[in-house]
Amino acid sequence: QMARIGVTGLAVMGRNLARNLARHGHPVAVHNRTAARTKALVEEFGGEGTFLPAETAEQFVASLERPRRLVVMVKAGAPTDAVIDEFAPLLEPGDMIVDGGNAHFADTRRREAALRERGIHFVGAGISGGEEGALHGPSIMPGGSAESYEALGPLLEDIAAKVDGTPCCTHVGPDGAGHFVKMVHNGIEYSDMQLIAESYDLLRHAAGLSPAEIAEVFRTWNTGRLESYLIEITAEVLAHTDAATGEPFVDVVLDQAEQKGTGRWTVQTALDLGVPVGGIAEAVFARSVSGHADLREASRNLPGPDRAAAAGPGFADAVEKALYASKIVAYAQGFHEIQAGSAEYGWNIDAGAMATIWRGGCIIRARFLDRIRAAYEADPSTPTLLTDDHFAEALGDAQDAWREVVATAARLGIPAPGFATALAYYDSLRADRLPAALTQGQRDFFGAHTYRRVDRDGSFHTLWGGDRTEVTA
Ligand code: 6PG
């Protein structure tokens with residue numbers, strides 16, 4: 001018997017993906033650098049479907065139906081290149097290598113171009129949903145050629161999460177498009193998590209609620225428009241008590257957040273593309289600040305405000321509104337980056353389809369994404385989600401509470417960079433005039449960088465060091 005698809009790299013993500021394929025009736029070849037893992041997988045889960053274990057790369061490739069579909073589930077970076085170098089010589093034109101890791105889209109573009117020359121399809125596929133998602137149905141974001149998707153799409157759609165019967169998997173676009181979209185997904189994930197963290201911090205230190213009480217607040221929110229996986233697990237984490245000390249779990253965890261790089265890449269890429277993603281950037285920076293123990297220790301005795309003035313009743317509702325509004329901004333920024341990347345690299349990404357495949361399986365899955373899907377359906381070329389009827393109304397309804405929450409945070413000395421930057425973005429886009437005019441004046445003053453005028457076409461320069469007449473530049 002031949003395998004329909006193969007998975008090499010059997011750490012937890014690869015193992016669960018292979019099991020998911022087998023459980024769906026697809027004979028799957030399995031291979032790992034150290035054969036013990038392969039053996040363990042088949043021993044433990046062999047009853048779930050048809051596994052074809054291979055000890056060597058040659059055996060593995062020989063067990064695959066043609067065109068061969070080979071999924072690589074190893075660490076991003078050098079390990080991925082090493083596996084590609086090992087397998088590519090064993091493949092034939094028309095075969096496919098799928099990279100299901102969190103690769104940087106630029107690496108995916110490079111690998112795709114190199115393998116295309118040899119007639120091999122390289123599919124950079126973003127896979128979200130963690131271990132559970134890989135096993136029970138992830139959200140899958142495959143890039144690569146349309147031809148490769150024809151051979152691969154039905155299999156991936158079969159094992160992906162489903163929402164209303166629609167698979168959370170679609171062809172994203174050529175070469176690096178899939179990994180680009182996964183990267184932005186993670187950037188949005190960072191932003192979402194930061195906003196939730198700020199909400200918790202405000203409820204705790206401005207409203208004086210306990211972690212258990214805050215868990216209840218999040219449970220209630222999870223029955224409304226904020227319903228999402230991240231809100232759901234937030235309630236679980238906050239309600240958890242540490243067994244060793246009897247303290248709330250959240251109080252015994254070291255408050256230094258780590259990161260593996262996808263959020264940082266989202267911001268670095270946004271800077272290159274000239275896309276303002278303040279919400280994502282502040283989320284990355286907030287993790288960075290938390291990790292600077294020395295800086296925090298040195299600053300501990302800097303003066304803060306008198307915290308006696310606690311937030312009044314209704315504050316939790318205000319935080320819910322601030323969270324919803326800031327979340328709209330975070331997603332608007334993320335989708336802006338997707339559209340800018342798509343334009344830059346000629347990917348032709350369907351933004352509404354991305355919202356559709358994020359509705360289930362992935363970490364940011366949420367009821368809210370159906371709204372985004374609807375917004376792009378109503379106006380596929382909208383420059384920003386903020387102006388969609390539903391979102392504009394929600395922002396208008398939330399804004400007083402949003403401002404109150406940001407002001408309260410500032411007054412009480414509680415850092416809320418995610419809320420604050422989201423509100424500033426909203427107000428910047430709304431503004432009739434921005435002080436960017438003054439910035440242009442300064443640039444022209446010190447460097448003759450020139451400026452444009454509101455009333456005439458062309459570029460101008462004022463002779464600041466002379467008689468201050470204006471000349472055409
Ligand atoms: C997913 C996640 C996953 C990522 C974790 C951890 O979509 O399943 O995004 O790919 O590895 O979120 O990311 P950090 O370690 O950077 O927080």
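Author: Axes here are lines fitted to C-alpha atoms, for helices over the stretch in contact, and angles run from 0 to 180 degrees between N-to-C directions. This is a predicted model, in which local features need pLDDT of at least 70, side-chain atom pairs count only at pLDDT 80 or more, and totals for chains, interfaces and linings use all residues. Residues are numbered from 1 along each chain as its sequence is written, and side-chain values use heavy atoms, leaving out hydrogens and water.

Reader: Thanks! Why are helix 15 and helix 18 called oblique to each other?

Author: Helix 15 (residues 315-345) and helix 18 (residues 389-412) pack at an angle of about 125 degrees, their axes 7 Å apart. Angles under 35 degrees count as roughly parallel, over 145 as roughly antiparallel, 65 to 115 as roughly perpendicular and the rest as oblique. The pair is therefore oblique.

Reader: What makes the Ser128 side chain a polar contact of the ligand?

Author: A polar contact is a pair of N or O atoms within 3.5 Å. A polar side-chain atom of Ser128 lies 2.4 Å from a ligand oxygen atom, so the pair meets that cut-off. Asn102 has a polar side-chain atom 2.8 Å from an oxygen atom of the ligand, and Arg287 also has one at 2.8 Å from a ligand oxygen.

Reader: Which helix gives the largest share of the shell around the ligand?

Author: Helix 8 (residues 177-205) does, with five residues. Helices are DSSP runs (H or I, at least four residues), numbered from the N terminus.

Note on methods:
A polar contact is a pair of N or O atoms within 3.5 Å; within protein, one must be able to donate a hydrogen and the other to accept it, and residues adjacent in sequence count only if both atoms are side-chain atoms. Helices (H or I, at least four residues) and strands (E, at least two) are DSSP runs, numbered from the N terminus.
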